[in-house]
Amino acid sequence: MHLSLKSPVDGASISVVAGHKAPDPFFASGSFLMFPWVNRLEPNPWARDPFYPSVHWLTDGNGIPLHGLFHNLPRTVLTESEGELESFVSFSIEIPETWEGTLLSKIKVKETYQLFPSELKIIYELNNTSDGEFPFALGIHPYFRWNEEESIDDLFLIGSGFYQIKLGDYLLPERVLGEELLLYGEIPLAGKNLDDLYVSKENEKPYIGLFSMNKKEKLLITGGNFYQVYTPLDRRSIAIEPMTSTGNFLHFPGANPNLLAPHSEKKIEFSIRLDQF
């Protein structure tokens, strides 16, 4: 779907996430939910029946469903409301019959999109109804286009300060490169090809954002301590993916996976927001 937000400067409508248009690749638009980050695990506890082969048609280099078992599952509308200053819709996620009786069938997920004039919040509420602890990693996977036909070479990347995580085969994280602080200040995107993972420098509210010298607004993405940043070869979009943890989160030191205690709930919130300088 297409996402436009209202400029906090002059009220103009600004295209932020371009909806899918054939023949563009699907991920040139925005696909949000990655949960529980099943791919890029070694070994992968979900790469077996009844989870794989699953309902997904997208796979990664390991042949594993791409970016999470839940992202492509059917949704059912729970509540929705539309207003001038705030609109929202909440979904439950339908679990396949073949998953019944497994641990994932006991993890209830509510997904909410809360839209304000200049901000979209994506909120996940997880309820562990099982008797066991559930470790997970969760993130969103938006591809941003600041006005549909413009190149990202006109944009600058900004951030709250991050360290890069060295990636190996299949983008599995290997170690934190803690010698140099990155994404702190303004970094021109012109000529840069990125497919990098970053971890926040102990910032209470980490963010990565975009701005242009030709615009009065900046775009801020928040919600995780880890971010994957990727620039497709066509230079028309940039993926900025906030995550609660890394790929291979069960085994990578420092991944800090979320732990959902038995019979408990947890809420995780991401934000895409237009702000002014």
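## Salt bridges, strand β15 and a cavity

The side chains of Glu-125 and Lys-110 form a salt bridge, with 3.5 Å from N to O. The two residues belong to distant parts of the chain, Glu-125 lying in strand β7 (residues 119-128) and Lys-110 in strand β6 (residues 107-116), 15 residues apart. Glu-125 has a relative accessible area of 30% and is partly exposed, and Lys-110, with a relative accessible area of 31%, is partly exposed as well. The model described here is a predicted one, and the count of salt bridges in this model comes to seven.

A second salt bridge involves strand β7 through Lys-121, whose side chain meets that of Glu-269 at 3.6 Å, N to O. Here the partners are 148 residues apart, with Glu-269 placed in strand β18 (residues 264-276) and Lys-121 in strand β7. Glu-269 counts as partly exposed because its relative accessibility is 35%, which falls between the limits of 20% and 50%.

A further salt bridge pairs Asp-153 with Arg-235 at 2.6 Å, N to O. Asp-153 is in the loop between β9 (139-144) and β10 (155-167), and Arg-235 is in the loop between β15 (226-230) and β16 (238-243), so this pair ties together parts of the chain that are 82 residues apart in sequence. Asp-153 is partly exposed at 29% relative accessibility, whereas Arg-235, at 12%, counts as buried. The three bridges described so far are set out below.

| Acidic residue | Basic residue | N to O distance |
|---|---|---|
| Glu-125 | Lys-110 | 3.5 Å |
| Glu-269 | Lys-121 | 3.6 Å |
| Asp-153 | Arg-235 | 2.6 Å |

The loop between β15 and β16 also holds Thr-231, a buried residue with a relative accessible area of 3%. Its side chain reaches the backbone nitrogen of Leu-194 at 2.8 Å. Leaving aside residues up to four places away in sequence, Thr-231 touches Ile-152, Lys-192, Asn-193, Leu-194, Ser-237 and Ile-238, so that Leu-194 appears both as the partner of the Thr-231 side chain and in this list of contacts.

Strand β15 itself is largely enclosed by the rest of the structure, because four of its five residues are buried. Strand β12 (residues 195-200) runs antiparallel to β15 and is joined to it by five bridges, and within this pairing Leu-197 has Gln-228 of β15 as its bridge partner. Five bridges likewise join β15 to β16, and these strands also run antiparallel; Val-229 stands opposite Ile-240 in β16. In a regular strand, side chains alternate between the two faces of the sheet.

The bridge partners Leu-197 and Gln-228 also occur together in the lining of a cavity. The count of cavities of 30 Å³ or more comes to two, and the largest cavity holds about 50 Å³ of space. Trp-37, Arg-40, Leu-167, Leu-171, Leu-197, Gln-228 and Gly-247 line this largest cavity.

Taken together, the β15 region brings several of these features into one account: the strand is paired with β12 and with β16, while the loop between β15 and β16 contains Arg-235, which is joined to Asp-153, and the buried Thr-231.

Terms used. Residues are numbered from 1 along each chain as its sequence is written. This is a predicted model: local features need pLDDT of at least 70, side-chain atom pairs count only at pLDDT 80 or more; totals for chains, interfaces and linings use all residues. Side-chain values use heavy atoms; hydrogens and water are left out. A salt bridge is a side-chain nitrogen of Lys or Arg within 4 Å of a carboxyl oxygen of Asp or Glu. Buried means under 20% relative accessible area, exposed over 50%, partly exposed in between (1.4 Å probe, protein chains only). A polar contact is a pair of N or O atoms within 3.5 Å; within protein, one must be able to donate a hydrogen and the other to accept it, and residues adjacent in sequence count only if both atoms are side-chain atoms. Contact means heavy atoms within 4.5 Å. Two strands pair if DSSP finds at least two bridges between them. On a 1 Å grid over the protein atoms alone, a cavity is a set of points where a 1.4 Å probe fits but cannot get out, and a pocket is an open set with protein on both sides within 12 Å along at least five of seven lines; lining residues have an atom within 4 Å of a point. Grid points are joined across faces, edges and corners, and a volume is the space filled by probe spheres set on the points.
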